[in-house]
Amino acid sequence: MADSHDGAATSDAAETAVERRENAAPSPGVAVARTDRVPNPGFPPERLRVTDMDPAKEKQAERTVSGLFLLSVVGSVLAVVAYIAFPIDEADPSSIRLNNLFLGLGITLGLLGIGIGAVHWSKALMHGHELVEQRHPTRGSDETRAKALEIFSESNKESGFTRRSLVRNTLIGAIVATPIPAVVLFRDLAPAEDPIGLLRHTMWEAGTRLTRDPSGTPILASEVTIGSAFHVIPDGLAQLESHKLEEKAKAAVLLMRLPVDRLNETEERRSWSYDGIVAYSKICTHVGCPVALYEQQTHHLLCPCHQSEFDVANHAAVIFGPAARPLPQLPISVDDEGYLIATSDFTEPVGPSFWEREL
């Protein structure tokens, strides 16, 4: 019975303590919701601008903003015109300066016009009064969402986006015109002609001598020893006055000599080599990097960029890496003087294998 009495006394004491805590003022350290928020100190009265007090000044500011947007359109169009009117000529270094100068001026006007115009619009025409907005991390109530729509509508009214048709239309025009120079520049990166046809035909043709890169010295078959590798260009490439790099990028070849018994040649390609000497395109069939490393013990060619590896003894078949097909082989022979010559062009396009998607 004593224990029961003591338990009842303890329970009564606990309930009394709870009542005292509930009636007491909330402690700042444990309160869930604070009621002592710092009051809004208020903002100074809005200072009216000239455009707020003078309709003529407001109209003038509107014309200025529209003029800046129109300047942006003119700059974007000028960039395209300059890119076409001042083409880059490899033989004339001054053409590069003129192209960059006028192209840069056009793009600068296009970007600055729309940027400065937007800033001037917000400073001179949009309302500048300050306000306080309570933000909540959770989804607002329907009343809050309706209030947000009301705020957007009010902002539209204050900015004059729908009311100031001149500013709105010139802004839209500037935004539309600004990307045009980029579109023209990136589109011009693509070849003007069919890339498959461009890659299918190179400077190699029947009777063209194989020459050292970059000197252009013809190569005797007797000079190519087992284990050696020659970087080769077609005869006449070094004397080209224009498009030399483009032609070299397609016609560059690696020349190697293997023991004849190490070559595993198909019947139709037995005539493409000469006494163990074979020639393969130097352009990797992955993304067009130069295949410049030759391992003379294994007779493997390695592209150092993405690690594609080709077996020279087996028609430069891919044995490792991301390349999708073997290196194109250049059929070769010798002329009456013992110099190595091509017997035809490559029989397939050189370089990356994107063209296969259209076959």
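This passage walks through the fold of a single chain, a few of its loop residues and its one reported cavity.

The structure is a predicted model, in which local features need pLDDT of at least 70 and side-chain atom pairs count only at pLDDT 80 or more, while totals for chains, interfaces and linings use all residues. Residues are numbered from 1 along each chain as its sequence is written, and side-chain values use heavy atoms, with hydrogens and water left out.

The secondary structure comes to 9 helices and 10 strands; here helices (H or I, at least four residues) and strands (E, at least two) are DSSP runs, numbered from the N terminus. Of the 359 residues, 31% count as buried, a word that stands for under 20% relative accessible area, with exposed meaning over 50% and partly exposed lying in between (1.4 Å probe, protein chains only). Contacts, meaning heavy atoms within 4.5 Å, tell something about how the chain folds back on itself. Among those between residues at least 6 apart in sequence, 62% join residues at least 24 apart.

Helix H5 is a good place to look at a single element. It covers residues 142-159, which makes 18 residues, and spans 26 Å from its first C-alpha to its last, close to the expected 26 Å. The expected span is 1.5 Å times one less than the number of residues. After H5 comes Gly 160, with a positive phi near 75°.

The loop between strand E1 (210-212) and strand E2 (229-234) is home to Ser 228. Pro 214 sits in the loop between E1 and E2 as well, and the peptide bond leading to Pro 214 from Asp 213 is cis, with omega near 10°. Ser 228 counts as buried because its relative accessibility is 17%. Its side chain reaches the backbone oxygen of Thr 225 at 2.5 Å. Beyond its neighbours within four places in sequence, Ser 228 is in contact with Leu 255, Met 256, Arg 257 and Tyr 294.

On the other side of E2, Gln 239 is placed in the loop that runs between E2 and helix H9 (244-251). Gln 239 has a relative accessible area of 56%, so it is exposed. Its C-alpha atom is separated by 8.8 Å from that of Gly 216, although the two residues are 23 apart along the chain.

Two histidines deserve a look for their backbone angles. His 299 has a positive phi of about 60° although it is not a glycine, and it lies in the loop between strand E5 (293-295) and strand E6 (300-302). With a relative accessibility of 3%, His 299 counts as buried. His 315, also not a glycine, has a positive phi of about 55°. Its loop connects strand E7 (309-311) with strand E8 (317-320), and His 315 is buried because its relative accessible area is 12%.

His 315 also helps to line the largest cavity, together with Leu 263, Asn 264, Glu 265, Val 278, Tyr 280, Val 312, Ala 313 and Gln 329. On a 1 Å grid over the protein atoms alone, a cavity is a set of points where a 1.4 Å probe fits but cannot get out, and lining residues have an atom within 4 Å of a point. A search of the whole structure finds 1 cavity of 30 Å³ or more, and the volume of the largest is about 40 Å³. Grid points are joined across faces, edges and corners, and a volume is the space filled by probe spheres set on the points.

Terms used: A polar contact is a pair of N or O atoms within 3.5 Å; within protein, one must be able to donate a hydrogen and the other to accept it, and residues adjacent in sequence count only if both atoms are side-chain atoms. On a 1 Å grid over the protein atoms alone, a cavity is a set of points where a 1.4 Å probe fits but cannot get out, and a pocket is an open set with protein on both sides within 12 Å along at least five of seven lines; lining residues have an atom within 4 Å of a point.
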